[in-house]
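Here is a short report for a reader meeting this structure for the first time. Please keep the sequence and the 3D view open while reading.

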Amino acid sequence: MDIDEKNAMREDMLKDQRHERMMRSNIEYFCEFTLENLYIITDGTKGIYLFDVIDELKKHCDKYEQDFNEFLDYLKEI
């Protein structure tokens, strides 16, 4: 392994450590990352991103003229 490969590995490790630290200590970072990157596998082959689930829930609330924030408040109690 040459010096460039070692430096690249070190950079990757630092990024991973920063990400882990931010996920545990910064709620805004956690929320944004989770919303954009959480992928839910539904049946072993198909999946959906959390962002798409939220989008569908918003559309569902709009269809029935319900307030999305009230729906979220309801979910907090589950």
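The report below covers helix packing, aromatic pairs, cysteines, loops and a few single residues.

The model is predicted.

## Two helices that meet

Start with helix α1, residues 3-25. Its partner here is helix α2, which spans residues 27-37. The axes of α1 and α2 come within 6 Å and cross at roughly 110°. That angle falls in the range from 65 to 115 degrees, so α1 and α2 are roughly perpendicular to each other.

Which residues in α1 and α2 meet? On the α1 side they are Arg18, His19, Met22, Met23 and Ser25. On the α2 side they are Ile27, Tyr29, Phe30, Phe33 and Thr34. By class, this contact has six nonpolar, three polar and one charged residues.

## Aromatic pairs

How many aromatic pairs does a search of the whole structure find? The search finds two.

One pair is Tyr29 with Phe33. Their ring centres are 6.4 Å apart, inside the pairing limit of 6.5 Å. Their planes stand at 10°, so the pair is stacked. Tyr29 and Phe33 both sit in helix α2. They are four residues apart, so about one helical turn separates them. Both also belong to the contact of α2 with α1. Tyr29 is partly exposed, with a relative accessible area of 24%. Phe33 is partly exposed too, at 32%.

The other pair is Tyr39 with Tyr49. Here the ring centres are 4.8 Å apart. The planes meet at 65°, so this pair is edge-to-face. The pair links distant parts of the chain, 10 residues apart. Tyr39 belongs to strand β1, residues 39-41. Tyr49 belongs to strand β2, residues 47-49. Tyr39 is partly exposed, with a relative accessible area of 41%. Tyr49 also counts as partly exposed, at 38%.

## Cysteines without a bond

How many disulfides does the structure hold? It holds zero. Take Cys31 and Cys61. The sulfur of Cys31 has its closest cysteine sulfur in Cys61, 19 Å away. A disulfide needs the two sulfur atoms within 2.5 Å, so 19 Å is too far for a bond. Seen from the other side, Cys61 is in no disulfide, and its nearest cysteine sulfur is that of Cys31.

Are these residues buried or exposed? Cys31 is partly exposed, with a relative accessible area of 42%. Cys61 is buried, at 5%.

## Two loop residues

Thr42 lies in the loop between β1 and β2. Thr42 is exposed, with a relative accessible area of 54%. Leaving aside neighbours within four places in sequence, Thr42 is in contact with Gly47 and Ile48.

Glu65 sits in another loop, between α3 (50-63) and α4 (68-76). Most residues other than glycine have a negative phi. Glu65 is not a glycine, yet its phi is positive, about 55°. Glu65 is exposed, with a relative accessible area of 74%.

## Two helix glutamates

Glu32 lies in helix α2. Glu56 is found in helix α3. The table gives the accessibility of both.

| Residue | Helix | Relative accessible area | Class |
|---|---|---|---|
| Glu32 | α2 | 43% | partly exposed |
| Glu56 | α3 | 46% | partly exposed |

Each can also be placed against a residue elsewhere in the chain. Glu32 and Arg10 are 22 residues apart along the chain, and their C-alpha atoms are separated by 25 Å. Glu56 and Leu75 are 19 residues apart in sequence. From C-alpha to C-alpha, Glu56 and Leu75 are 15 Å apart in space.

## In brief

Helices α1 and α2 are roughly perpendicular to each other. The Tyr29 and Phe33 pair is stacked, whereas the Tyr39 and Tyr49 pair is edge-to-face. The structure holds zero disulfides. Glu65 has a positive phi of about 55°.

Notes
Residues are numbered from 1 along each chain as its sequence is written. This is a predicted model: local features need pLDDT of at least 70, side-chain atom pairs count only at pLDDT 80 or more; totals for chains, interfaces and linings use all residues. Side-chain values use heavy atoms; hydrogens and water are left out. Rings of Phe, Tyr and Trp (its six-membered ring) pair if their centres lie within 6.5 Å; planes under 30 degrees apart count as stacked, over 60 as edge-to-face and the rest as tilted. Buried means under 20% relative accessible area, exposed over 50%, partly exposed in between (1.4 Å probe, protein chains only). Axes are lines fitted to C-alpha atoms, for helices over the stretch in contact, and angles run from 0 to 180 degrees between N-to-C directions. Angles under 35 degrees count as roughly parallel, over 145 as roughly antiparallel, 65 to 115 as roughly perpendicular and the rest as oblique. Contact means heavy atoms within 4.5 Å. Ala, Val, Leu, Ile, Met, Phe, Trp, Tyr, Cys and Pro count as nonpolar, Asp, Glu, Lys and Arg as charged, and the others, Gly among them, as polar.
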